[in-house]
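Here are some exercises to work through with the model open beside you. Try each one yourself before you read its solution.

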Amino acid sequence: MAIPAIDYAHVRITVTDIARSRKFYDDVFGFEVLAEAPPEDADQATKDAMWWVFGGVVYQFHGGVFGVRPVAPAGDEFDPDRVGLDHVSFAVPSRDDLDAAATLLDGLGIAHEGVKDIGSGLILEFRDPDGIALELFTPTAG
């Protein structure tokens, strides 16, 4: 027997530098912050209550929850050809949104591969500061 129909809950990625990654995700996506690690000078009870943030930030957006945790060693790099995550894809409503995202990425100096037609939809691929593959997707009208 298979697990009954489920919905997406969250994704959490591991990064090397929370300040650098936080700036990237804030600038690119502007997600609402759901929770973040307390400051270093917070009392121990607050730190204990927020253990599940793992020193990072958890964002809330229309499709779910996306967390960033800074526990990877400096110099570590993402590799989509190793066991684990290949990429994270976020849905956008239209081609116009992909084009606007490409313009935003250009303005932020973030390399991308331009909008591509993959048959079932259009994608815009780019990477975060740790090289984690990200994608924006909109289905092809049909």
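**Exercise 1: an unusual loop residue**

Find F54 and say where it sits, what is odd about its backbone, and whether it is buried or exposed.

Solution. Start with the place: F54 belongs to the loop that links α2 (44-49) to β3 (57-61). Keep in mind that you're looking at a predicted model.

Next, check the backbone. Most residues other than glycine have a negative phi. F54 isn't a glycine, yet its phi is positive, at about 55°.

Last, the surface. Buried would need under 20% relative accessible area, and exposed over 50%. F54 has 35% relative accessibility, so it counts as partly exposed.

**Exercise 2: the whole chain**

Describe the protein chain as a whole: its elements, its extent, its surface and its charges.

Solution. Begin with the elements: the chain holds three helices and eight strands. Read from the N terminus, they come in the order β-α-β-α-β-β-β-α-β-β-β.

Now the extent. The C-alpha trace covers about 55 × 45 × 30 Å along its principal axes.

Then cover and surface. Of the 142 residues, 31% are buried. The chain exposes about 8,800 Å², with 55% of that supplied by carbon and sulfur atoms.

Finish with the charges: there are 10 positive and 25 negative side chains, and the centres of these two sets are 4 Å apart.

**Exercise 3: strand β4 and its partners**

Work out which strands pair with β4, in which sense, and how covered β4 is.

Solution. Take β1 (residues 10-14) as your starting point: it pairs with β4 in the parallel sense, over five bridges. To see this pairing on screen, look for H10, which stands opposite V65 in β4.

Move on to β3. It is joined to β4 by five bridges too, but β3 and β4 run antiparallel. Here Y59 has F66 in β4 as its bridge partner. The two strands β3 and β4 make a hairpin, with two residues between them.

As for cover, β4 (residues 64-69) is mostly hidden, with five of its six residues buried.

**Exercise 4: the four-stranded sheet**

Give the strand order of the open sheet that contains β5, and explain why β5 and β6 each have a side without a neighbour.

Solution. First the order: the four strands of this open sheet go β5-β8-β7-β6, and their pairing is mixed. β5 (88-91) and β6 (112-117) are at the edges with a single partner strand each, so each has one side with no neighbour in the sheet. From one strand to the next, the twist averages 20°.

Now zoom in on the β6 edge. β6 and β7 (residues 121-127) run antiparallel and are joined by four bridges. In this pairing, K116 stands opposite I123 in β7.

Finally, add the helix: α3 (residues 95-108) lies across β6, β7 and β8 (133-139), at about 15° to β7.

**Exercise 5: a loop residue by the sheet**

Locate I118 and list its contacts beyond four places in sequence.

Solution. I118 is in the loop between β6 and β7. Leaving out neighbours within four places in sequence, I118 touches I123 and F137. Its C-alpha is 9.4 Å from that of P139, although I118 and P139 are 21 residues apart in sequence. With a relative accessible area of 46%, I118 is partly exposed.

Definitions and conventions: Residues are numbered from 1 along each chain as its sequence is written. This is a predicted model: local features need pLDDT of at least 70, side-chain atom pairs count only at pLDDT 80 or more; totals for chains, interfaces and linings use all residues. Side-chain values use heavy atoms; hydrogens and water are left out. Two strands pair if DSSP finds at least two bridges between them. Axes are lines fitted to C-alpha atoms, for helices over the stretch in contact, and angles run from 0 to 180 degrees between N-to-C directions. Contact means heavy atoms within 4.5 Å. Buried means under 20% relative accessible area, exposed over 50%, partly exposed in between (1.4 Å probe, protein chains only). Accessible areas come from the Shrake-Rupley method with a 1.4 Å probe; for residues, only the protein chains shown count as cover. Lys and Arg count as positive and Asp and Glu as negative; His and the chain ends are not counted. The place of a charge is taken as NZ of Lys, CZ of Arg, CG of Asp or CD of Glu.
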